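The exercises below ask you to read a fold from its coordinates, and each is followed by a solution that proceeds step by step. Please work through each task with the structure open before turning to its solution.

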Amino acid sequence: MSNKIYTTRKAFMADIPAILDLINKYAAQGIMLPRTEFELSEFIRDFTIILDGQKLIGCAALHFYGPSVAEVRSLAVDPAYKGTGAGRVLMEAIDREAIDFDLSSLFAFTYVPGFFAKMGYDEVDRNVLPLKAWKDCLRCPKFQACDEIAVLKRLKPEEPRKIEAFPIYAPTIALPKPTGH
Ligand SMILES: CC(C)(COP(=O)(O)OP(=O)(O)OC[C@H]1O[C@@H](n2cnc3c(N)ncnc32)[C@H](O)[C@@H]1OP(=O)(O)O)[C@@H](O)C(=O)NCCC(=O)NCCS
């Protein structure tokens, strides 16, 4: 673990090129979903970034799904800074933002469940979070053979069933057939 002090803040429009570069390098390896400048502009308010001095070294987005639940997505740390605690600092910032918004739960779809476990997330059946499929999944190249793991963190353990009371917990939604183009 590094002794470096990192800072976090909400992203600005000016951060878009650096965020795109970071995410799309991982996307080229099939590790993350690619993002466009248009999407980043639309969702820039979701993003928190982490800085080493002035250098952007990571990002994460908190994307609301309803009054009590949000998805953590577009989480990435510059490869040169992996393993230095940057991911944890980002996730702590995301937790603080979620708590500020009085959320009950955070979820993510990930290839790194071990990292999320360290951040307090439990693995859950992906069918618990079906509305995800109506958004990003429909344009994902792995739509037919998704191998990401669903993880969920409850921010209010005293309300353990809260997510089930929310419409996102709707396992009967049928997915449309992919169009094949
Ligand atoms: C996943 C990622 C964000 C982690 O960031 P990081 O800065 O390397 O993580 P940290 O150094 O803060 O690690 C925090 C803890 O998680 C652990 N950890 C980190 N990556 C891990 C992994 N892939 N599997 C299991 N544990 C992991 C660390 O050992 C550390 O544990 P400790 O606190 O007990 O020492 C980073 O590796 C990354 O950008 N990966 C590529 C993109 C990606 O997969 N994003 C996730 C999309 S959902």
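A residue counts as exposed here if 12 or fewer other C-beta atoms lie within 10 Å of its own, as buried if 20 or more do, and as partly exposed in between. The model is a predicted one.

**Exercise 1. Establish the order of the secondary-structure elements in the protein, and state what share of its residues is buried.**

Solution. Begin with the inventory, which comes to four helices and seven strands. Reading from the N terminus on, the elements follow the order β-α-α-β-β-β-α-β-α-β-β. Next, apply the burial criterion to the 181 residues of the protein, of which 28% count as buried. Finally, consider the contacts with a separation of 6 or more, 70% of which are accounted for by residues 24 or more positions apart.

**Exercise 2. Determine which residues of H1 are buried, and how they are arranged around the helix axis.**

Solution. Step one is the geometry of the helix: H1 (16–28) has 13 residues and reaches 18 Å from its first C-alpha to its last, close to the 18 Å expected at 1.5 Å a residue. Step two is burial, which picks out Ile19, Leu22 and Ile23 in H1. Seen down the axis of H1, these buried residues fall within an arc of 85°, so they line one face of the helix. The general reason is that an α-helix has 3.6 residues a turn, so residues three or four places apart point the same way. Step three turns to the face directed away from the buried side, where the exposed residues Pro17, Asp21 and Ala28 are carried. Step four asks what lies over the buried residues of H1, and the cover includes helix H2 (37–43), E2, E3 and E4. To close, look just beyond the helix, where H1 is followed by Gly30 with a positive phi near 80°.

**Exercise 3. Describe the largest nonpolar core, and identify the element that gives the most to it.**

Solution. The largest nonpolar core has 36 residues, and those with the most contacts inside it are Ile19, Cys59, Ala60, Leu90 and Ile94. The elements that give two or more residues to this core are H1, strand E2 (47–52), strand E3 (55–64), E4, H3, E5 and strand E7 (149–154). Among the contributors, H3 gives the most, with seven residues. For a view from one position, take Ala60, which, leaving aside residues up to four places away in sequence, touches Thr48, Val72, Ser74, Leu75, Leu90, Met91 and Ile94.

Now examine H3 itself. At 1.5 Å a residue its 15 residues should span 21 Å, and its end C-alpha atoms are 21 Å apart, which agrees. The buried residues of H3 are Ala86, Gly87, Val89, Leu90, Met91, Ala93, Ile94 and Ala98, and what covers them includes strand E1 (7–10), E2, E3, E4, E5 and H4.

**Exercise 4. Compile the residues closest to the ligand, and classify the shell around the ligand by residue type.**

Solution. The ligand is surrounded by 20 residues, the closest being Lys82, Gly87, Arg88, Thr110 and Gly114. Two or more residues of this shell come from each of strand E4 (69–77), helix H3 (86–100), strand E5 (105–110) and helix H4 (113–118). Sorted by type, the residues of the shell divide into eleven nonpolar, six polar and three charged.

**Exercise 5. For Ser74 and Asp102, report phi, and decide whether each residue is buried or exposed.**

Solution. As background, most residues other than glycine have a negative phi. Ser74, found in strand E4, has a positive phi near 50°, and it counts as buried because 23 C-beta neighbours lie inside 10 Å. Asp102 sits in the loop between H3 and E5, and its phi is positive too, near 60°. With 10 C-beta neighbours inside 10 Å, Asp102 counts as exposed.

Phe101 has its place in the loop between H3 and E5. With 13 other C-beta atoms within 10 Å, Phe101 is partly exposed. Phe101 and Ser68 are 33 residues apart in sequence, whereas their C-alpha atoms are 8.4 Å apart in space.

Technical notes
Residues numbered from 1 in each chain as written. Predicted model: local features only at pLDDT ≥ 70, side-chain atom pairs only at ≥ 80, totals over all residues. Near = placed C-beta within 6 Å. Nonpolar A, V, L, I, M, F, W, Y, C, P; charged D, E, K, R; others polar. Core = buried A, V, L, I, M, F, W, Y, C linked by C-beta atoms within 7 Å. Contact = placed C-beta atoms within 7 Å. Expected span 1.5 Å × (residues − 1). Arc of directions from axis to C-beta.
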